[in-house]
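Could you walk me through an aromatic corner of this model? I have the viewer open and would like to know what to select next.

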Amino acid sequence: AGNVAPFTLPAQALAYRPPPDVVVARYRNGDSERKIHLNTELTPLELERLAQLQKEAQADGSAFFPSVSAMATRFLSRAHMDPHRALKLMKVTQEWRASYF
């Protein structure tokens, strides 16, 4: 352990691949919600909706802070995969961050 830098993560933490039921929670009413957004592969539907969100934001002339852009899949999840609703949520968050920070 003498040649390991402080705060180094164990190899198991870097190699861990969460099971699908941990990445996406599925509820009795049929809804689902992505719980892990980073370092996991997006589904074809998520990729399609993310592309739609990007196109809609470009057509709208919207520009976002990197911190808001990085949360795009979270906004899509919150908006039940509706790119138009997700864009509205992103705009509200952008305005709040601009006024608060």
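Here is a short tour of three aromatic residues, one selection at a time.

Before you start, keep in mind that this is a predicted model.

**Stop 1: the patch.** Select Trp96, Tyr100 and Phe101 together and show their surface. These residues make a nonpolar surface patch of about 430 Å².

**Stop 2: Trp96.** Now select helix H6, which covers residues 83-100, and pick out Trp96 within the helix. Is Trp96 buried or partly exposed? Its relative accessible area is 43%, and because the partly exposed class runs between 20% and 50%, Trp96 is counted as partly exposed.

**Stop 3: the stacked rings.** Searching the whole structure turns up 3 aromatic pairs. For one of these, show the side chains of Trp96 and Tyr100: the ring centres are 4.9 Å apart and the planes meet at 15°, so this pair is stacked. Follow the backbone between the two residues as well; Trp96 and Tyr100 are 4 residues apart in helix H6, so about one helical turn separates them.

**Stop 4: Tyr100 and Phe101.** Move on to Tyr100, which is exposed at a relative accessible area of 55%. Add Phe101 to the selection and look at how the two rings are set: their centres lie 5.0 Å apart with planes at 85°, so the pair is edge-to-face. Phe101 is exposed too, as is Tyr100.

**Last stop: the whole group.** Bring Trp96, Tyr100 and Phe101 back into view together. Ring pairs link these three residues into a cluster, and the trio also makes the nonpolar patch from the start of the tour.

Methods: Residues are numbered from 1 along each chain as its sequence is written. This is a predicted model: local features need pLDDT of at least 70, side-chain atom pairs count only at pLDDT 80 or more; totals for chains, interfaces and linings use all residues. Side-chain values use heavy atoms; hydrogens and water are left out. Patches are made of residues with over 30% relative accessible area and no salt bridge: like charges are joined within 9 Å, nonpolar side chains (Val, Leu, Ile, Met, Phe, Trp, Tyr) within 5 Å. Accessible areas come from the Shrake-Rupley method with a 1.4 Å probe; for residues, only the protein chains shown count as cover. A salt bridge is a side-chain nitrogen of Lys or Arg within 4 Å of a carboxyl oxygen of Asp or Glu. Buried means under 20% relative accessible area, exposed over 50%, partly exposed in between (1.4 Å probe, protein chains only). Rings of Phe, Tyr and Trp (its six-membered ring) pair if their centres lie within 6.5 Å; planes under 30 degrees apart count as stacked, over 60 as edge-to-face and the rest as tilted.
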